[in-house]
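Work through the exercises below with the sequence and the coordinates side by side. Each task is followed by a solution that goes step by step.

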Amino acid sequence: MLKPRRPTRRLHIGSVPIGDGAPIVVQSMTNTDTRDAGATIAQIQRLERAGCELVRVAVPDREAVERLAQIKASVSVPLVADIHFDYRLALGALRAGVDGLRLNPGNIGGADKVRRVAQEAKAREVPIRIGVNSGSLEKDLLARYGGPTAEAMVESALRHMALLQDQGFELIKVSLKSSDVLTTLSAYRLLAERTDVPLHLGVTEAGTPVQGAIKSALGIGLLLAEGIGDTIRVSVTGEPEEEMPIAYGILRALGLRRRGVEIISCPTCGRTEWDLIPLTQQVERLVRGVATPLKVAIMGCVVNGPGEAREADVGIAGGRGTGILFKKGCRVRKLPQEGLLEVLLAEIEAMTGECLPRA
């Protein structure tokens, strides 16, 4: 059973509300070279179509800063600048009009540099995410705690929150990311007991899409079930658009948000008499851009399929050259097996009002 959402402060990144009961926000990060504005804009626009609500871009140098205004003007989703090593890049990003900053306090150049960024961000009312990462903790904390423990990560976060708050800056969001799921869980639980700032959830360097989905579902999902978390990012080694179905799948499984098509399909067995696996994969690919919530079933047995997928809005079940179209577990009509896919796609379009690709 889900626990009630942890009460937090409310802030806005661009037009997107964060915390204080606002819907859990799904975000991602581009993997293009930000200095290539065209490629970065194209990827952000693909992410927008996939359901991304907040996009972060790497800002490695002055040339990347100079592209931010163009990128910002070409996309609808709020833009967050990811800054490492050089506080002047953060100042330049703020002047370029970004909606948020992500700072790694362990490598930004010291307390004085953080303070200067805080002052500029406060003047522009731009939130800052303190991004604590187990791979870049301060040396004194690593020595004190004997490594990148959850306790060390939390102390780092509180230390840098205090730096910002000493400047009267309160538009703070925090993340505590480790590639180890258990460390991630412990860190967020500890910090949630000590502050009411919004928390951004994620398991960093989670791996390939399969491994990333597993780690993220556990790390993000368990925390959300405990009422902890206000924004999420699923990290996978691949195109960032691949993160969206996983992120929304986690939220949908917990009943926190509904977006897009949920496919219900059988694992297949020796009774399956049609090539179900590639067809299911094809449908999943074709419906990826659909935003309307819908449950679609693809079953391998015409005897048990409709009953097993009773909660689906629409579905097909095939076997031995024929198949059936069903809605809410009830048979609608019998069809030749080769026509099932097109009929299913047409039904999805009719129910969602969204056109699907056929290639």
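**Exercise 1: a strand and its partners**

Strand β13 and strand β14 (residues 322-327) run antiparallel and are joined by five bridges. The model is a predicted one.

Task: Determine which residues cover the two faces of β13, and which residues stand opposite V314 and A317.

Solution. Begin with the general rule that side chains in a regular strand alternate between the two faces of the sheet. In β13, V314, I316 and G318 lie on one side and G315, A317 and G319 on the other, and all of these are buried. Because six of the six residues of β13 (residues 314-319) are buried, this strand is largely enclosed by the rest of the structure. Next, take the partners in turn: strand β12 (residues 294-299) pairs with β13 in the parallel sense over four bridges, with V296 opposite V314, while in β14 it is I324 that stands opposite A317. Finally, the hairpin of β13 and β14 has two residues between the strands, and R320 takes a positive phi near 55 degrees there.

**Exercise 2: a helix and its packing**

Task: Establish which residues of helix α4 (residues 111-124) are buried, and which elements they pack against.

Solution. First compare the helix with its expected span: its 14 residues reach 20 Å from the first C-alpha to the last, close to the 20 Å expected at 1.5 Å a residue. An α-helix has 3.6 residues a turn, so residues three or four places apart point the same way. The buried residues of α4 are V114, V117, A118, E120 and A121, and these pack against α3 (87-95), β6 (100-103), β7 (128-133) and α6. After the helix comes E125, which has a positive phi near 55 degrees.

**Exercise 3: the nonpolar cores**

Task: Identify which members of the largest nonpolar core touch the most other members, and which helix gives the largest share.

Solution. The largest core holds 76 residues, of which V59, I83, L101, V117, V174, L176 and I232 touch the most other members. Helix α6 (residues 150-166) contributes the largest share of this core, namely eight residues. Another core, of 30 residues, lies apart from it and includes W274, V287, A317 and L341. For one member of the largest core, V174, the contacts beyond four places in sequence include I130, A157, M161 and Y188.

**Exercise 4: a buried leucine**

Task: Decide whether L251 is buried or exposed, and list its contacts beyond four places in sequence.

Solution. L251 lies in helix α9 (residues 243-253), and because its relative accessibility is 0%, L251 counts as buried. Leaving aside neighbours within four places, L251 is in contact with I24, V26, L224, I232, L256 and R257.

Methods. Residues numbered from 1 in each chain as written. Predicted model: local features only at pLDDT ≥ 70, side-chain atom pairs only at ≥ 80, totals over all residues. Heavy atoms only, no water. Core = buried A, V, L, I, M, F, W, Y, C linked by side-chain atoms within 4.5 Å. Buried < 20%, exposed > 50% of the residue type's maximum accessible area, 1.4 Å probe, protein only. Contact = heavy atoms within 4.5 Å. Expected span 1.5 Å × (residues − 1). Pairing = 2+ DSSP bridges.
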